[in-house]
There are 2 protein chains.
Amino acid sequence: MSQIAFQDAYPDDLSHCYGCGKNNPQGHQLKSYWHEQKPETTIARFTPQSYHTAIPGFVYGGLLASLIDCHGTGSASAMAYKMAGLELGTAPAMRFVTGALNVSFKAPTPMGVELQLLGRFSQIKERKIVIDIELIANGVLCVTGQVIAVKMPATMHS
Amino acid sequence: MSQIAFQDAYPDDLSHCYGCGKNNPQGHQLKSYWHEQKPETTIARFTPQSYHTAIPGFVYGGLLASLIDCHGTGSASAMAYKMAGLELGTAPAMRFVTGALNVSFKAPTPMGVELQLLGRFSQIKERKIVIDIELIANGVLCVTGQVIAVKMPATMHS
């Protein structure tokens, strides 16, 4: 894709997230984008490693929750920039953290395939954005999640 | 502690979980126990690695959700054995998977300290057990979570 990933527009000092930070080489480095066909929808793709197992053959739910979390906060940041009419990454950073994360496991998620996460916005306020996320594997909806993202308080900046 | 960890009593073919499986050397290997002072309460302790960062100084929420997940399903298994009057690990395995995971982040979780997870049971049925979990760092309640654990269906066994 020609877009920059939402997470790659985070400033360097806020890019150490284990789930999605470009400056965390041991992390998952999830990357989220605007969906190029579906309006107001965000997308991320991720292929788990062989050791991200729940039981053999299926992906660990904690990883799936993590991907939903980072796709949610990344989507919130992108939406905040969009609402403000600003380019992604314009300073000061509009970075969001997770207030609450609710995940429902609908079907076991198979190993060995690329997972697709689709995010849609159910609430948009300046300091709070709610994102509903579907996680799909092989065309099957495996997990649904909701991320309540809140604008990062200045006290969390390093 | 002289107790065996709940997760270490899982049979070998169900011990590959990235969060808590003794047979997953790349995983977190979370270990849960009955609390020795508090009745009907379970406990797990975990010290995150330096790369489990959210932003510098704070622990990644996806990891915390993962720990809550595995402490919940482990606690459910232990409670199922207890209710049945059986020793942990007695065959056939009473292993639980996560139906839903709800996590609320109350305060940023600091890096560099041991985290304590306390689990209490709010619903106990043969096939469904609900566990409420508090995650504490330095005496501060940082995260609360609820795990709706369902007995592992036979179709998920390898």
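**Interface between chains A and B**

No salt bridge (a side-chain nitrogen of Lys or Arg within 4 Å of a carboxyl oxygen of Asp or Glu) is found across the interface of chain B and chain A. The model is predicted, so that local features need pLDDT of at least 70 and side-chain atom pairs count only at pLDDT 80 or more, whereas totals for chains, interfaces and linings use all residues. Residues are numbered from 1 along each chain as its sequence is written, chains are lettered from A in the order in which they are written, and side-chain values use heavy atoms, with hydrogens and water left out.

Contact, taken as heavy atoms within 4.5 Å, joins 37 residues of chain B to 37 residues of chain A. The area buried between the two chains, that is, the accessible area (1.4 Å probe) lost on being put together and summed over both, is about 2,800 Å², with 62% given by carbon and sulfur atoms. In chain B, the residues that lose the most area to chain A are B:Tyr18, B:Ile55 and B:Tyr60, which together account for 23% of what that side buries.

Chain B is superposed on chain A, by least squares on the C-alpha atoms of residues with pLDDT of at least 70 in both, by a rotation of 180° with 0.0 Å of shift along its axis (RMSD 0.0 Å). The two copies are thus related as by a two-fold rotation axis, and the C-alpha of chain B nearest that axis, at 2.1 Å, belongs to B:Asn102. Because 100% of the interface residues of chain B are also interface residues in chain A, the copies meet through the same surface.
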